[in-house]
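Work through the exercises below with the sequence and the model side by side. Try each task before reading its solution.

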Amino acid sequence: MIAFYSTEMPETMTSPIAPVIEFDHVTIGFGGEPVLDDVSFALEPGETKIVLGTAGAGKSVLLKMAMGLLEADEGTIRVLGEDITRMKEDDLFAVRQQLE
């Protein structure tokens, strides 16, 4: 199990800008075993999240999916408003560069 802890942005900092990272009902498994099941969260600009979990809970898998290194079995992953769920590697480079 993975737990998410986050800081809240002050209301004066809220913005219509898309979340930096957004997972919408994301599921992935390996060898028939689920690793992440129906995970949803959004990381807003200026917000900090901490991902905690035991060994094998899926923390590294979650980060690899956010970078487009692993593809979700189900659900949608957006980075800076771009749907990267099925994005080709060449297109992912442009999204990754925006994160620098």
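I21 is buried, with a relative accessible area of 19%; buried means under 20%, exposed over 50% and partly exposed in between, using a 1.4 Å probe and protein chains only. The model is predicted: local features need pLDDT of at least 70, side-chain atom pairs count only at pLDDT 80 or more, and totals for chains, interfaces and linings use all residues. Residues are numbered from 1 along each chain as its sequence is written, and side-chain values use heavy atoms, with hydrogens and water left out.

**Exercise 1. Place I21 and list what it touches.**

Step 1. Find the element. I21 lies in strand 2. Strands (E, at least two residues) and helices (H or I, at least four) are DSSP runs, numbered from the N terminus.

Step 2. Find the bridge partner. I21 is bridged to V79 of strand 5.

Step 3. List contacts (heavy atoms within 4.5 Å). Setting aside residues up to four places away in sequence, I21 touches F41, A42, L43, A66 and R78.

Step 4. Check a distance. F41 is 20 residues from I21 along the chain, and their C-alpha atoms are separated by 8.2 Å.

**Exercise 2. Give the strand order of the open sheet and explain what is special about its edges.**

Step 1. Read the order. The 4 strands run 3-2-5-6, with antiparallel pairing. Strands count as paired if DSSP finds at least two bridges between them.

Step 2. Look at the edges. Strand 3 (33-43) and strand 6 (82-83) each have a single partner strand, so one side of each lacks a neighbour in the sheet.

Step 3. Count bridges. Strand 2 (residues 21-30) and strand 5 (residues 74-79) are joined antiparallel by 5 bridges. Here F23 stands opposite I77. Between strand 5 and strand 6 there are 2 bridges, again antiparallel. V79 faces E82 there.

**Exercise 3. Which residues of helix 1 are buried, and how are they arranged?**

Step 1. Locate the helix. Helix 1 (residues 59-66) lies across strands 2, 3 and 5, at about 120° to strand 2. Axes are lines fitted to C-alpha atoms, for helices over the stretch in contact, and angles run from 0 to 180 degrees between N-to-C directions.

Step 2. Pick out the buried residues. They include V61, L62, M65 and A66.

Step 3. Look down the axis. The buried residues fall within an arc of 135°, so they line one face of the helix. The arc is taken from the directions from the helix axis to the C-beta atoms.

Step 4. Move just past the helix. G68 has a positive phi of about 80°.

**Exercise 4. Which residues touch the most other members of the largest nonpolar core?**

Step 1. Apply the definition. Such a core is a set of buried Ala, Val, Leu, Ile, Met, Phe, Trp, Tyr and Cys residues joined through side-chain atoms within 4.5 Å.

Step 2. Name them. Among 19 residues, these are F23, L36, M65, I77 and I84.

Step 3. Trace the suppliers. Strands 2, 3 and 5, helix 1 and helix 2 (89-98) each give at least two residues to this core.

Step 4. Zoom in on F23. Beyond its neighbours within four places in sequence, its contacts include V39, L62, M65 and I77.

**Exercise 5. Where do D38 and L80 sit, and what is the sign of phi in each?**

Step 1. Recall the background. Most residues other than glycine have a negative phi.

Step 2. Take D38. Its phi is positive, near 60°. D38 is in strand 3 and is partly exposed, at 43% relative accessible area.

Step 3. Take L80. Its phi is positive too, near 55°. L80 lies in the loop between strand 5 and strand 6, a hairpin with 2 residues between the strands. At 30% relative accessibility, L80 is partly exposed.
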